Amino acid sequence: MIEKHIVLEDIDLVTFYGVNNVHLQMIKALYPKLRIVARGNIIKVMGDEEEMCAFEENVEKMQQHCSKYNSLNEETILRIVKGESTTNLTADGSAICYSVTGKPISPRSENQTLLTQAYFENDMIFAIGPAGSGKTYMSIALAVRALKNKEIRKIILSRPAVEAGEKLGFLPGDMREKIDPYLQPLYDALQDMIPAQKLTEYMEQNVIQIAPLAFMRGRTLNDAVVILDEAQNTTTQQIKMFLTRMGQNTKMIITGDLTQIDLPRNVKSGLKEACEVLKDVKGISFIRLDERDIVRHKLVTRIVNAYHKYEATKIQQYELFNKD
């Protein structure tokens with residue numbers, strides 16, 4: 001009789017063991033010749049060497065399945081133990097990654113597909129479009145996929161805290177509490193894709209970092225996917241500082257909506273200027289999303305269209321007034 005310890009990594013333990021350890025009990029029943037004891041992320045196994053080798057191999061397959069799809073069920077466990085394929089249970093060829101409920105996260109429009117393709121072909125991508133067009137959500141999905149596939153070591157998410165002028169000292173609480181309101185949309189997307197316990201672990205270990213744009217100064221960002229959200233609210237100096245943080249084996253995705261600039265009237269949007277300055281630079285891709293890409297409630301598309309018409313009418317009236 002021999003003994004081995006198997007360490008579970010990069011998975012949510014509740015998903016793997018099941019509610020009330022139902023998956024663990026099933027695994028024990030499938031291997032009656034082994035004594036299996038689980039403590040946290042370590043599984044201690046004692047018993048027949050041949051059966052233990054098969055057990056170790058299948059646990060690794062279960063772990064890989066759990067990590068990729070954020071789900072594990074009795075049918076999948078049974079198929080793995082029997083040596084059958086689980087591909088037809090969960091496979092989605094267009095899926096970037098999977099939500100915490102096991103739902104595939106895939107491009108849902110032509111421009112979202114172009115954004116995905118651009119990510120694999122370029123190291124820097126500008127994704128510009130209206131609210132609800134999926135630019136931030138798809139970008140974070142691509143980053144989560146790269147992290148799970150061990151293509152990178154960390155994800156760095158940032159956005160400018162325009163409302164507080166990047167000076168957050170007057171807000172109550174510690175630094176995390178001060179900046180959280182500005183970064184909540186990024187947390188929301190991450191919570192959709194990474195189980196809560198694992199997300200907390202990643203953030204405590206700085207594998208996933210979320211910070212205001214001002215905190216990027218002086219850093220060189222290597223082995224990462226770096227996303228700058230709400231880039232329309234950066235100044236020229238800020239976006240230039242951000243773009244020049246790029247290090248080795250790093251991809252940058254810059255997202256923004258040029259119709260929602262919150263900067264003072266006399267300050268030019270850094271995103272708008274970057275689109276002009278960098279449009280012909282090799283290795284940089286510009287993806288333009290529009291109302292057809294909006295995947296929120298159908299009213300969002302109508303609201304965006306209504307404001308576009310209103311703004312166009314105002315411009316026409318202004319031009320006629322000045323002409324007269």
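How many salt bridges does the structure hold? The structure, a predicted model, holds 13 salt bridges. Some of them are described below, after the nonpolar core and the aromatic side chains.

## Nonpolar core

The largest nonpolar core has 37 residues. Ile140, Leu190, Met193, Ile208 and Ile210 are the residues with the most contacts inside this core. Two or more residues each come from the helices α6 (110-121), α7 (135-148), α8 (175-193) and α9 (196-204), and from the strands β6 (124-128), β7 (154-159), β8 (208-212) and β9 (224-228). Helix α7 gives the largest share, 8 residues. In soluble globular proteins, nonpolar side chains tend to be buried together.

What does Ile140 touch, leaving aside its neighbours within four places in sequence? Ile140 is in contact with Leu157, Leu186, Ala189, Leu190, Met193 and Ile227. Two of these partners, Leu190 and Met193, are themselves listed with Ile140 among the residues with the most contacts inside the core.

## Aromatic pairs

The count of aromatic pairs comes to 5. In one of them, the ring centres of Tyr69 and Tyr98 lie 4.6 Å apart with the planes at 75°, so the pair is edge-to-face. Tyr69 belongs to helix α3 (residues 49-69) and Tyr98 to strand β4 (residues 97-98); the two are 29 residues apart, and the pair links distant parts of the chain. Tyr69 has a relative accessible area of 9% and is therefore buried, and Tyr98, at 5% relative accessibility, also counts as buried.

Tyr119 and Phe120 form another edge-to-face pair, because their planes stand at 85°, with the ring centres 5.2 Å apart. Are these two rings buried or exposed? Tyr119 counts as buried because its relative accessibility is 3%. Phe120 counts as partly exposed, at 47% relative accessibility.

## Lysines over rings

Tyr119 also has a charged partner: Lys251 lies over the face of this ring, at 4.9 Å from the ring centre. A second arrangement of this kind involves Lys198, which lies over the face of Tyr202 at 5.2 Å from the ring centre.

## Salt bridges

Side chains of opposite charge can pair when their charged atoms come close. Asp10 and Lys150 meet in a salt bridge, at 2.6 Å from N to O. This pair links distant parts of the chain, 140 residues apart: Asp10 sits in the loop between β1 (2-7) and α1 (13-17), and Lys150 in the loop between α7 and β7. Asp10 is partly exposed, with a relative accessible area of 29%, while Lys150 is exposed, at 61%. Both residues belong to a network of salt bridges that also includes Lys198 and Glu201. Lys198 is the residue placed over the face of Tyr202.

Which element holds both Glu75 and Arg79? Both lie in helix α4 (residues 74-82), 4 residues apart, or about one turn of the helix. Their salt bridge has its closest N and O atoms 3.7 Å apart. Glu75 is partly exposed, with a relative accessible area of 43%. Lys268 forms a salt bridge with Glu276, and here the closest N and O atoms are 3.5 Å apart. Lys268 counts as partly exposed at 39% relative accessibility, and Glu276 is partly exposed with a relative accessible area of 43%.

Notes: Residues are numbered from 1 along each chain as its sequence is written. This is a predicted model: local features need pLDDT of at least 70, side-chain atom pairs count only at pLDDT 80 or more; totals for chains, interfaces and linings use all residues. Side-chain values use heavy atoms; hydrogens and water are left out. A nonpolar core is a set of buried Ala, Val, Leu, Ile, Met, Phe, Trp, Tyr and Cys residues joined through side-chain atoms within 4.5 Å. Buried means under 20% relative accessible area, exposed over 50%, partly exposed in between (1.4 Å probe, protein chains only). Contact means heavy atoms within 4.5 Å. Rings of Phe, Tyr and Trp (its six-membered ring) pair if their centres lie within 6.5 Å; planes under 30 degrees apart count as stacked, over 60 as edge-to-face and the rest as tilted. A charge sits over a ring if NZ of Lys or CZ of Arg is within 6 Å of the ring centre and within 35 degrees of the ring normal. A salt bridge is a side-chain nitrogen of Lys or Arg within 4 Å of a carboxyl oxygen of Asp or Glu.
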